[in-house]
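Let's take a walk through this model together. Have the sequence and the 3D view ready, and follow along one piece at a time.

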Amino acid sequence: MNRAAATVAAGLACAMLTQGVHAAASTTAHDIGDVQQAADSVAQVDGVVGVIGEAYYDGRRIGRGSAGSRLIGGQGGKVPSDARYRAWSQTKQMTATVLLQLVKEGKLGVDDTLGKVLPITVGQDLVERAGEITIRQLLHHRSGVPDYNGPGSTDLRPFDDLTTRHTWTELAKISRGTPRTSEPDARYAYSNTNYILLGAIIEKLTGNTLAEEFERRLFTPLRMTRTYLPTRPDQGIKGPHGHGYYPRPDGTLRDVDRINPTTMWAAGGVISTARDLTTFHRALAQGRLLPANLRDLVEYPDHKGSVCGGTVGLFTGSGPGGNAVTFTSADGRLQLAVDVTTSTRAQPTLRPAIFQAAEDVLCPDR
């Protein structure tokens, strides 16, 4: 792999998971705003192609909306609100959950070192300081391991390659060629490589692929029947869905509906729906996947960005041409999942618009 492969996940934004205050939200199933109106407002942001959103209370859909279009320029009709879309870095919470289930089962400890659990990282010099970095540091982006995709890249060639299956060791080697961001545990520095390594640990300890473990531990028991982790480089989004676009260096737009999912894998590869993502986050919030002491380790880097006065937190993920956000009350009962497809690189007004839409839907009386 050449250096350009370091950008295979270009545009994968730092997905921030934040948790609201621990008091349960008092909102009832009927106290929400208009989801369609909220979707219409987000669709007015420059560079937005399509918006879908669904609100849930105790797992029952109580609102839905779709605005914009499936394809750029108003083409292709509206996207069904229950369409599949890329979860992007919300995948990380799934990877962390499965990893911590293995901790619960006694297969490893959160303070074990990467070198101990995954000796190949030392033996083949795949990760600098692997003998010092702990599982906890990987979970919380405090390992100092650099991001394999590199910051600010615009090279889309790796996305166009739908034939090469990128392995975790290849991605780790790319990361190894980049200077470390800090000493282990010195500071928070977001890196997709952390979760690529956690995915590799899951496969080593279980003897199964990450996709199989997601199915066995999450998708099947939670009945997330429309969610999957692509495993082939040419595998895309099944069924009707929105298309995102990304500007090439010359300004022309690339339809990034078809990108190589093996470049994201455990860090951002899952494809899901509003119903399935809210199902996962509700189960996590309500303690059905992990005991409280381990659930609190599922990538909570800070507490910025919660809405409705802190009673609702969020799980975000983004990548080339797309943004996916799931808002969940602290008790897991009230939720809103939003997916936005875009055609621009810089989107300074999009995040505030999505936050305002969540406020309008989930706490309309504020």
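Start with strand E8 (312–319): eight of its eight residues are buried, so E8 is largely enclosed by the rest of the structure. Buried here means under 20% relative accessible area, with exposed being over 50% and partly exposed in between (1.4 Å probe, protein chains only). Strands like this one (E, at least two residues) and helices (H or I, at least four) are DSSP runs, numbered from the N terminus. A word on what you're looking at: this is a predicted model, in which local features need pLDDT of at least 70 and side-chain atom pairs count only at pLDDT 80 or more, while totals for chains, interfaces and linings use all residues. Residues are numbered from 1 along each chain as its sequence is written, and side-chain values use heavy atoms, with hydrogens and water left out.

In a regular strand the side chains alternate between the two faces of the sheet. Look along E8 with that in mind: Val312, Leu314, Thr316 and Ser318 point one way, Gly313, Phe315, Gly317 and Gly319 point the other way, and all are buried.

Next door is strand E9 (residues 322–329), which pairs with E8 in the antiparallel sense over eight bridges. Two strands pair if DSSP finds at least two bridges between them. You can pick out some partners yourself: glycine 319 sits opposite glycine 322 in E9, and threonine 316 has valine 325 of E9 as its bridge partner. The hairpin of E8 and E9 has two residues between the strands, and glycine 321 there takes a positive phi near 80°.

E9 is mostly covered too, with eight of its eight residues buried. On one side those are Gly322, Ala324, Thr326 and Thr328, and on the other Asn323, Val325, Phe327 and Ser329. Carry on to strand E10 (residues 334–342), which runs antiparallel to E9 and is joined to it by seven bridges. Here threonine 326 faces alanine 337 in E10. The hairpin of E9 and E10 has four residues between the strands, and in it glycine 332 has a positive phi near 75°.

Now for a covalent link. How many disulfides are there? The count comes to one, taking a disulfide as a pair of cysteine sulfur atoms within 2.5 Å. Cysteine 308 is joined to cysteine 363, S to S 2.2 Å. The two are 55 residues apart, with cysteine 308 in the loop between helix H12 (292–295) and E8, and cysteine 363 in the segment after H13. The link is left-handed, with -80° about the S-S bond. Cysteine 308 counts as buried because its relative accessibility is 5%, and cysteine 363 counts as buried at 11%.

Aspartate 365 is also in the segment after helix H13 (350–362). Is aspartate 365 buried or exposed? At 75% relative accessibility, aspartate 365 counts as exposed. Its C-alpha atom is 8.9 Å from that of glycine 33, although the two residues are 332 apart along the chain.

To finish, step back to the whole protein. Its secondary structure comes to 13 helices and 10 strands, and 61% of its 366 residues count as buried. Among contacts (heavy atoms within 4.5 Å) between residues at least 6 apart in sequence, 77% join residues at least 24 apart.
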